[in-house]
Amino acid sequence: MAVLEVDQRVQKFVSQPRKMLINGEWVEAASGKTFPAYNPATGEILGYAPQGEAADIDSAVKAARQAFESGPWARTSPAERERLINKLADLIEANQEELAQLDTLNNGIPIGGARGNVPYAATILRYFAGWANKLEGSTIPTSLPNTDEEKYFAFTVREPVGVAGLIIPWNAPLPLAASKLGPPLAAGCTVVLKPAEQTPFSALRLGELIQEAGFPEGVINIVTGYGETAGAALAAHPDVDKISFTGSTETGKMIVQAATGNLKRVCLELGGKSPNIVFKDADIESAISGAATAIFANAGQLCTAGSRLYVEKSAFDQVVEGVAEKAKQIKVGPGMEPSSELGPLISDQQYQRVLGYLESGQSDGAEAIHGGQQLPDKGYFVEPTLLINTREEMKVMREEIFGPVVCVVPFEDPQEIVATANNTPYGLAAAVWTRDVSKAHRLAAEMKAGIVFVNCFHTYDVAVPFGGYKQSGWGREFGRAGVEEFTEVKSVYMKL
C-alpha cells in the first residue's frame, strides 16, 4: 500500500523554525541553539526544536510561579478550570489528523494507532476536567474538649501543590502529555512541561492549541531540550514544588536525587519487566492473542510490556507456535504506510540497545523461534522476536529491553510460578490467563505489581489508578489518586 501523503499543515509545522512556550509567548532558547528531531522510519532529520537549558527552565518556572501566586490562575474558579481543559480536549479532537501525523512521523507509531491516540488524549483531559470541582476536604470528629466553655471544630481542605514540573517520554507523546497536564491543571497548579527530546513536535503543536483554548499566560509552559540539561534543571529547580516523571528507572533515581534540594514532591512512573502467566486451563487462543499484543504493541516500547511469558508446560508448545505465527503475520513498516502494524524503534540508540540484547540473549544460549534480527530497510526496524531456552539470570530476562522481544519460559509447578514472576526489581504490571476464578483472584493478590490483568492485557481506563511497586515508581497516575498527587492536605483546628 502506498505511503500516506503528509498533511500540508504537518509539513509546514516541522519545516519551520519552532519556538518554546514561556509565559504565553513563543520564544527561542536563551542560547539560540536548536537540536534535531528525527523520523525513525528513515533515520532522517524531521525538523529542529529549541534547545532549552537551565536559563529557559528558570524563565518558565518564574512564569508558572507568578501565574500560581498572583496571576489570573490563582483566582480561576474550578468551573473555569474545567471549561478550559475541556476546550483543549475539543481542540485536540478538531486537529486529529495533524496531531496523529506529527506523532507518526516523529515517533514511528503506525498511523492507525496514532489516530486512536488523539481521541484518547482528549478523553484523558475530559476525565480530569471533571475533577476540578470535586477535590473535597473532610470534617473530622475529634476527642478534644467538648463543653459549654470549650469546643473545637476540625476540618481538612485540599490545596494545589503549586508549580509542577512534568517530564514525559517519547513512546506515546500526545497521550502522555495529556495525562501529565490534566491532573495538575484540575487541581489548580501551574506547570512546566518538558517533552522528550526525541519527540518535541506534538507537544509544541499542543502549545498552540493551549493558547487557542484561552489558558492564561504562564499557566502552561513548554520547554524543549535534552534531559541532562533542561530535564535536570527542572528536577533540581528550587521553586518547583512537584515533579511528575515518566521514563526509565535509572533516570528516575537521578530525579529523586535532584529533588532533595527543596524536598519537592515526586511522582515516578518508571520501567517494568512484566510477567505474563498462561495456565493450561486458560482459553489458549485468547492467551496467544493477548501475549502477542502484550509485547508487540507499540514495537514493545511500553513500560507495561509483557516481556516475560511463562506458560504451563503442557500448553507451552501450542502457545509458542501461536505467538510465533502472530509475529510472522505482523506487517512491519513505516508508520505512514496505513498497512503497517509495527513501526520502528524510536532512535538509533534504542535500536542498538535492542540489537545488543538480542545478541546477548543468543550468545547466552537463547534461541529465537522467530525474529532476532535487524531488518535491512533504512530506519530503526527490528523483527518481532520470541526467545526460548532462556534462564532467569540472563540479561534478557532481568533487564528491560523496551523493544518487541519476549522471553517464553515453561513452568510445571503452579505453586512456584508467583515467586518466579515476582523475582524482579520491577513491579509495574503482571497478567494471568486462566478460567479458574479462584486461581485468578489468588494470583492477583500475590503478584507484586501495581496493575494485574486477568485474561487481558494493555487494558486501561483513565479512572483507574496507574503505577507500580518496587523500582517501577512512586505514586499513582489516573483516577482520583492521580489528581490528589498534585494537592496538599491542610488540617484546620478552630476553637469555637
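Visitor: What makes helix α11 a helix that lies across β12, β13, β14, β15 and β16?

Guide: In this predicted model, contact means heavy atoms within 4.5 Å. Helix α11, residues 313–329, lies across β12 (275–278), β13, β14, β15 (385–388) and β16, and runs at about 135° to β13.

Visitor: How do you know that β13 and β16 pair, and which way do they run?

Guide: Two strands pair if at least two bridges are found between them. Five bridges join β13 (residues 308–312) to β16 (residues 405–411), and the two run parallel, so the criterion is met. One of the bridge partners is Val408 in β16, which faces Leu309 in that role.

Visitor: What is the order of the open sheet of seven strands, and why are β14 and β19 called edge strands?

Guide: The order is β14-β15-β16-β13-β12-β18-β19, with mixed pairing. The strands β14 (367–370) and β19 (451–454) each pair on one side only, which makes them the edges. Neighbouring strands of this sheet are turned by 25° against each other on average, direction ignored.

Visitor: How do you know that β5 and β6 pair?

Guide: The cut-off is at least two bridges. Two bridges join β5 to β6 (residues 152–160), and the strands run antiparallel; therefore they count as paired. Thr139 has Phe155 in β6 as its bridge partner. The open sheet here has three strands in the order β5-β6-β22, with antiparallel pairing, and its edge strands are β5 (139–140) and β22 (487–495).

Visitor: Why is Asn455 called partly exposed?

Guide: Buried means under 20% relative accessible area, exposed over 50%, and partly exposed lies in between. Asn455 has 40% relative accessibility, so it counts as partly exposed. Asn455 lies in the loop between β19 and β20 (469–470), and has a positive phi of about 60° although it is not a glycine.

Visitor: Is His458 buried or exposed, and why?

Guide: His458 has 17% relative accessibility, so it counts as buried, the limit being under 20%. His458 is also found in the loop between β19 and β20, and its phi is near 55°, a positive value in a residue other than glycine. Most residues other than glycine have a negative phi.

Visitor: What lines the second largest pocket?

Guide: The pocket has a volume of about 400 Å³ and is lined by 22 residues, of which Asn39, Ala41, Thr42, Leu105 and Met336 lie nearest its centre. Strand β4 (44–50) is among the elements that give two or more residues to the lining, and gives the most, with three. By class, the lining has 13 nonpolar, six polar and three charged residues.

Notes:
Residues numbered from 1 in each chain as written. Predicted model: local features only at pLDDT ≥ 70, side-chain atom pairs only at ≥ 80, totals over all residues. Heavy atoms only, no water. Helix = DSSP H or I, 4+ residues; strand = E, 2+ residues; numbered from the N terminus. Axes fitted to C-alpha atoms, helices over the stretch in contact; angles between N-to-C directions. 1 Å grid on protein atoms, 1.4 Å probe; cavity = no way out; pocket = protein on both sides within 12 Å on 5 of 7 lines; lining within 4 Å. Points joined across faces, edges and corners; volume = space filled by probe spheres on them. Nonpolar A, V, L, I, M, F, W, Y, C, P; charged D, E, K, R; others polar. Buried < 20%, exposed > 50% of the residue type's maximum accessible area, 1.4 Å probe, protein only.
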